[in-house]
Amino acid sequence: MKILAFGASNSKNSINQKLALYTASLLEGAEVETLDLNEYELPIYSQDRQDEGGIPSLAHQFLAKIAEADALIISFAEHNGSFSVAYKNIFDWASRENMKVYQDKKTIFLSTSPGPNGGATVLGAASGGAPFQGANLLASIPVGSFYDIYDAETDQITNNDVNEQLKEAVGKLSDTANIAAA
Ligand SMILES: Cc1cc2nc3c(=O)[nH]c(=O)nc-3n(C[C@H](O)[C@H](O)[C@H](O)COP(=O)(O)O)c2cc1C
């Protein structure tokens, strides 16, 4: 199984990127791919730009990266209760080519932030859009107070409850794959 796991953030030190990759690592035997939203930076979407220049190739490449995967694990950064501009922009461009950006892939949505809500608001927005955007959403998990439950030295989540939730979620991606031991 090929999993595309990434943080919906353009931060070099994105905690959502860490959470997405950590969660993907819990599925033994999976091939994990990631992407860096900095490589998909485009002018701010506008109808006028699209009318004048069409849909940029980076938007096609973003859709192609999703198309190559069997499953998606996306962790959303929350900026003022909503998506990071970096994600919203590439998503808007891509949606002009294919409204079902997630292309019917098995999907896990996550979010995390330093605060106790863990980005639950943006996660709600992403999850609410899932049926219209082609995500076969199997789990949606906000992870609060990231720095309290993450050990930077080992690059591991140390909270048992969170680990259990994440393992249960990745288990839904594949009936046959083994879940890594804690
Ligand atoms: C412009 C801006 C707005 C933010 N708004 C929120 C917010 O609404 N809720 C929240 O929990 N954290 C908020 N934060 C803090 C982010 O959760 C924090 O920066 C987190 O590291 C973002 O995820 P990332 O590291 O994956 O980019 C905000 C940060 C920025 C820079």
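## The core

The largest nonpolar core has 54 residues, and Ile3, Ile73, Phe76 and Ile90 have the most contacts inside it. Helix α4 is the top contributor to this core, with 6 residues. A nonpolar core here is a set of buried Ala, Val, Leu, Ile, Met, Phe, Trp, Tyr and Cys residues joined through C-beta atoms within 7 Å. Buried takes 20 or more other C-beta atoms within 10 Å of a residue's own, exposed takes 12 or fewer, and partly exposed is what lies in between, with C-beta atoms placed from the backbone.

Keep in mind that this is a predicted model: local features need pLDDT of at least 70, side-chain atom pairs count only at pLDDT 80 or more, and totals for chains, interfaces and linings use all residues. Residues are numbered from 1 along each chain as its sequence is written. Back in the core, Phe76 touches Ala8, Asn16, Phe83, Phe109, Ser111, Gly119, Val122, Leu123 and Ala126, leaving out residues up to four places away in sequence. Touching, or being in contact, means that two C-beta atoms, placed from the backbone, lie within 7 Å.

## Around the ligand

The shell around the ligand has 16 residues, of which Ser9, Ser14, Asn16, Ala77 and Ser113 come nearest. To be near, a residue needs its C-beta atom, placed from the backbone, within 6 Å of the molecule or strand in question. By class, the shell splits into 12 polar, 3 nonpolar and 1 charged. Those classes go like this: Ala, Val, Leu, Ile, Met, Phe, Trp, Tyr, Cys and Pro are nonpolar, Asp, Glu, Lys and Arg are charged, and the others, Gly among them, are polar.

Helix α1 (15-25) and strand β4 (78-79) each chip in at least two shell residues. Labels such as these are DSSP runs numbered from the N terminus, with helices being H or I over at least four residues and strands E over at least two. Helix α1 is mostly covered, as 8 of its 11 residues are buried. Those buried residues are Ile15, Asn16, Gln17, Leu19, Ala20, Tyr22, Thr23 and Ala24. Asn16 thus turns up among the residues that come nearest the ligand and among the contacts of Phe76.

## Where α3 meets α4

The axes of α3 (residues 57-68) and α4 (residues 85-97) come within 9 Å and cross at roughly 85 degrees. The two helices are therefore roughly perpendicular. For the bookkeeping, axes are lines fitted to C-alpha atoms, for helices over the stretch in contact, and angles run from 0 to 180 degrees between N-to-C directions. Under 35 degrees counts as roughly parallel, over 145 as roughly antiparallel, 65 to 115 as roughly perpendicular, and the rest as oblique.

On the α3 side the contact is made by Ala59, His60, Phe62 and Leu63, and on the α4 side by Ile90, Trp93, Ala94 and Glu97. That contact has 6 nonpolar, 1 polar and 1 charged residues. Ile90 also belongs to the core residues with the most contacts. Another α4 residue is Lys88, which is partly exposed because it has 15 other C-beta atoms within 10 Å.

Pro56 is in the loop between α2 (47-53) and α3. Pro56 is buried, since 20 other C-beta atoms lie within 10 Å, and Pro56 touches Leu42 and Trp93, not counting residues up to four places away in sequence.

## Loops and positive phi

Asn80 and Ser145 are worth a look if you care about backbone torsions. Most residues other than glycine have a negative phi. Asn80, however, has a phi near 50 degrees, and so does Ser145. Asn80 is in the loop between β4 and β5 (82-83) and counts as exposed because it has 8 C-beta neighbours inside 10 Å. Ser145 is in the loop between β7 (136-143) and α6 (146-149), and its 16 C-beta neighbours inside 10 Å make it partly exposed.

What does Gly115 contact, leaving aside its neighbours within four places in sequence? Gly144 and Ser145. Gly115 itself is in the loop between β6 (106-112) and α5 (120-129), and is exposed, with 12 other C-beta atoms within 10 Å.

## A look at β7

Ile141 is in strand β7 and is buried, with 20 C-beta neighbours inside 10 Å. Beyond residues up to four places away in sequence, Ile141 touches Leu110, Gln165, Leu166 and Ala169. Ile141 and Lys65 are 76 residues apart in sequence, and their C-alpha atoms are 23 Å apart in space.
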